[in-house]
Amino acid sequence: MRVKIGEETREVRTLWREGRTVWMIDQRKLPHKFEITATNHHAETADAIRNMVLRGAGAIGVAGAYGMAQAAMEAEHLKPEEFEGYLETAAERLRRTRPTAVNLFHAIDRCLRAASGPVQERVRRVVSEADAVAEEDLAASRRIGEYGAALIGDGFRVLTHCNAGALAFIDYGTALSPIRFAHRQGKKVFVYVDETRPRCQGARLTAWELQQEGIPYAVIVDNAAGYFMSRGEVDMVIVGADRIAANGDVANKIGTYEKAVLARENGIPFYVAAPRMTFDLGCGTGDEIEIEERDAEEVLGMWGVGEDGAPSRVLIAARGTPARNPAFDVTPARYVTGVITEKGVLRPPYSESIRRTFGG
Ligand code: MRU
């Protein structure tokens, strides 16, 4: 993505690898500060995923793969059995970071499967598989943009939830990729950006990306979507996904489900954009998807910066207030108009179109 930092414009990926170092944009600081940070050990990469230095299904998947590459390089002087044990332990540590986005699990498993042959060869293969995961993520996001842009008419007002943009992948994104491509093709597109409480990935990250790209948008509070839909001011909804079950049920950021129901009520097409790595064919329905429940503190307070630019947290609710904080919900497949993938737009019935396109 092209990022303007002061007077300078830079082409940058969300994360990348150089030897044993993984570089990443620190997404906790955006939009107030653009900062690149690094991890030099797979345990640090696992911490970065858990602490949401980076987030979003694709980025988490690539970080998991890079973490495996780091682990393989850390273990290159070990004997074969020790190497295997080290890699398995690293995989387990990376898996335990966040449970819902399946990209992470696919990426780790791919790296483990690649580890065959003498130790030096195993290291080479794991590293090259990790790099392949990253390059495929990039290529898939671009294809999703091309297929998805064809669905966006000139003058469309598109509503999106959370951040399934470049920052949730290596670049381009999924939900935002069709919007980017349509904009670059010269179509007029306007984006309604749900703020996406509690962590506000919409207001903080999606808005920042659209601003960088010069795409017109407005941030709206999460509970305003129905208002704009009912007034005929939304032509289409596009969201991302963290995991899609074999029957087409979609796990995505909390609040997605109600947007889908509202879209149906108002006769608005509801699209999901996601690559193959987000499909979990071993999951029959959305009921089997583990939903991450995060700290109640995220609901009870807000992070931001003061007028002086210094980060600070304010409490919204009284101290000691109980809260629940599921990070994702499941949208039943029946609400989904189509799933935009790197292989084209899948249509209902999804059990068939998913199987035909991705096997299983
Ligand atoms: O908790 P996050 O920020 O990692 O959540 C992921 C998301 O941003 C959304 O659910 C997104 O729509 C799908 S990720 C491509």
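In this predicted model, an oxygen atom of the ligand sits 2.5 Å from an N or O atom in the side chain of R55, a polar contact in the sense of a pair of N or O atoms within 3.5 Å. Two further contacts of this kind involve G56 and Q201: a backbone N or O atom of G56 is 3.0 Å from a ligand oxygen, and an N or O atom in the Q201 side chain is 2.9 Å from an oxygen atom of the ligand. On its own the ligand has 400 Å² of accessible area, and the protein covers 100% of that (Shrake-Rupley method, 1.4 Å probe). Altogether 17 residues surround the ligand, with R55, R98, D242, N252 and K253 the closest; to count, a residue needs a heavy atom within 4 Å.

A word on the ground rules: residues are numbered from 1 along each chain as its sequence is written, and side-chain values use heavy atoms, with hydrogens and water left out. Because the model is predicted, local features need pLDDT of at least 70 and side-chain atom pairs pLDDT 80 or more, while totals for chains, interfaces and linings use all residues.

Next, the helix packing. Helices (H or I, at least four residues) and strands (E, at least two) are DSSP runs, numbered from the N terminus. Helix α5 (residues 119-149) takes part in two of the packings described here. With α4 (residues 102-114), the angle is about 145 degrees and the axes are 8 Å apart; axes are lines fitted to C-alpha atoms over the stretch in contact, and angles run from 0 to 180 degrees between N-to-C directions. The contact (heavy atoms within 4.5 Å) brings A107, R110, C111 and A114 of α4 up against R125, V126, E129, A130, A132, V133 and E136 of α5. By class, that makes seven nonpolar, no polar and four charged residues.

With α6 (residues 176-184), the axes of α5 come within 7 Å and cross at roughly 65 degrees. Here S141, R142, I144, G145, E146, G148 and A149 of α5 meet S177, P178, F181 and A182 of α6, giving five nonpolar, four polar and two charged residues.

The backbone has a few oddities too. Most residues other than glycine have a negative phi, and most peptide bonds are trans. The L30 to P31 bond, however, is cis, with omega near 5 degrees, and P31 lies in the loop between β4 (21-25) and β5 (36-39). Another cis bond joins P348 and P349, at an omega of about -5 degrees; P349 is in the loop between β18 (344-346) and α11 (350-358). Finally, C162, though not a glycine, has a positive phi of about 65 degrees, and this residue lies in the loop between β6 (156-160) and α6.

Notes
Ala, Val, Leu, Ile, Met, Phe, Trp, Tyr, Cys and Pro count as nonpolar, Asp, Glu, Lys and Arg as charged, and the others, Gly among them, as polar. A polar contact is a pair of N or O atoms within 3.5 Å; within protein, one must be able to donate a hydrogen and the other to accept it, and residues adjacent in sequence count only if both atoms are side-chain atoms.
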